[in-house]
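The exercises below are meant for a reader who is meeting this structure for the first time. Each one sets a task, and a worked solution follows step by step.

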Amino acid sequence: MFHKFAEQWKTKKATQVKEYSIKKSCERFEKPVYPYIAKVPVKDLKRQQIINFLRPLEKCGKLDTLKCVVSLINQILNFAIDCGALEYKFKNHKSLCGASRTTFSHNFI
């Protein structure tokens, strides 16, 4: 499940950054992400599924939050890869089905 890796990532990250930083990141992450993918196995997560639930952040102009959330999702999925839950790394994408290239400038799923 995605939330399992998110919690493990959070525990690991908490030893590397200041408490405030991890708290702020998790607050930004929990509202737009957890309701949609928390209980989805990481191997079953689809790129389009993630894009769809992030669209409202883009439409509301919350671009900083969007970039942070995309970065966190990538970090958690990379962590899942490191743990052996995923056998491959997702490819870099320049565009997300017509989404603004500047909006999704991170290595998105």
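**Exercise 1. Find which residues of helix H4 are buried, and describe the helix and its surroundings.**

Solution. The model is a predicted one, and the first step is to list the residues of H4 that are buried, namely Leu66, Cys68, Val69, Val70, Leu72, Ile73, Asn74, Ile76, Leu77, Phe79, Ala80 and Ile81.

The second step is to set the helix in place: H4 runs over residues 63–82, which makes 20 residues, and it reaches 28 Å from its first C-alpha to its last, close to the 28 Å expected at 1.5 Å a residue.

The third step is to ask what these buried residues pack against, and the partners are helix H1 (2–14), helix H2 (19–37) and helix H3 (47–59). After H4 comes Gly84, whose phi is positive, near 90°.

**Exercise 2. Take Ala80 as an example and work out whether Ala80 is buried or exposed, and which residues Ala80 is in contact with.**

Solution. Begin with the location, since Ala80 lies in helix H4. Its relative accessibility is 0%, and because buried means under 20%, Ala80 counts as buried.

Next, leave aside the neighbours within four places in sequence; the contacts of Ala80 are then Phe5, Val42, Ala85 and Leu86. Finally, compare sequence with space: Ala80 and Ala6 are 74 residues apart in sequence, while their C-alpha atoms are 8.8 Å apart.

**Exercise 3. Describe the largest nonpolar core and state which element gives the most to this core.**

Solution. As background, nonpolar side chains in soluble globular proteins tend to be buried together. In this model the largest nonpolar core has 28 residues, and those with the most contacts inside it are Phe2, Phe29, Val33, Leu54 and Ile73.

The elements that give two or more residues to this core are H1, H2, H3 and H4, and H4 gives the most, with 11 residues.

**Exercise 4. Search the whole structure for aromatic pairs and describe what the search finds.**

Solution. The search finds one aromatic pair. The rings belong to Tyr36 and Phe53, with centres 5.1 Å apart and planes at 0°, and the pair is therefore stacked, since the angle is under the 30 degrees required.

Tyr36 lies in helix H2 and Phe53 in helix H3, so the pair ties together parts that are 17 residues apart in sequence. Phe53 has a relative accessibility of 8% and so counts as buried.

To complete the picture around Tyr36, set aside residues up to four places away in sequence, and Tyr36 touches Gln49 and Phe53. Tyr36 and Asn52, for their part, are 16 residues apart in sequence and 10.0 Å apart in space, C-alpha to C-alpha.

**Exercise 5. Count the salt bridges and decide whether the partners are buried or exposed.**

Solution. The count comes to one salt bridge, which Arg55 forms with Glu58, the closest N and O atoms being 3.0 Å apart. Both residues lie in helix H3, three residues apart, about one turn of the helix. This spacing can be read with a general rule: an α-helix has 3.6 residues a turn, so residues three or four places apart point the same way.

For burial, take each partner in turn: Arg55 has a relative accessibility of 17% and so counts as buried, and Glu58 is buried as well, with a relative accessible area of 19%.

**Exercise 6. Summarise the protein as a whole: how many helices and strands does the protein have, and what share of its residues is buried?**

Solution. The protein has four helices and zero strands, and read along the sequence the pattern is α-α-α-α. Of the 109 residues, 39% are buried.

Among the contacts with a separation of 6 or more, residues 24 or more positions apart account for 67%. The last step concerns the accessible surface, which comes to about 6700 Å², with 51% of it belonging to carbon and sulfur atoms.

Note on methods:
Residues are numbered from 1 along each chain as its sequence is written. This is a predicted model: local features need pLDDT of at least 70, side-chain atom pairs count only at pLDDT 80 or more; totals for chains, interfaces and linings use all residues. Side-chain values use heavy atoms; hydrogens and water are left out. The expected span of a helix is 1.5 Å times one less than its number of residues. Buried means under 20% relative accessible area, exposed over 50%, partly exposed in between (1.4 Å probe, protein chains only). Contact means heavy atoms within 4.5 Å. Rings of Phe, Tyr and Trp (its six-membered ring) pair if their centres lie within 6.5 Å; planes under 30 degrees apart count as stacked, over 60 as edge-to-face and the rest as tilted. A salt bridge is a side-chain nitrogen of Lys or Arg within 4 Å of a carboxyl oxygen of Asp or Glu. A nonpolar core is a set of buried Ala, Val, Leu, Ile, Met, Phe, Trp, Tyr and Cys residues joined through side-chain atoms within 4.5 Å. Accessible areas come from the Shrake-Rupley method with a 1.4 Å probe; for residues, only the protein chains shown count as cover.
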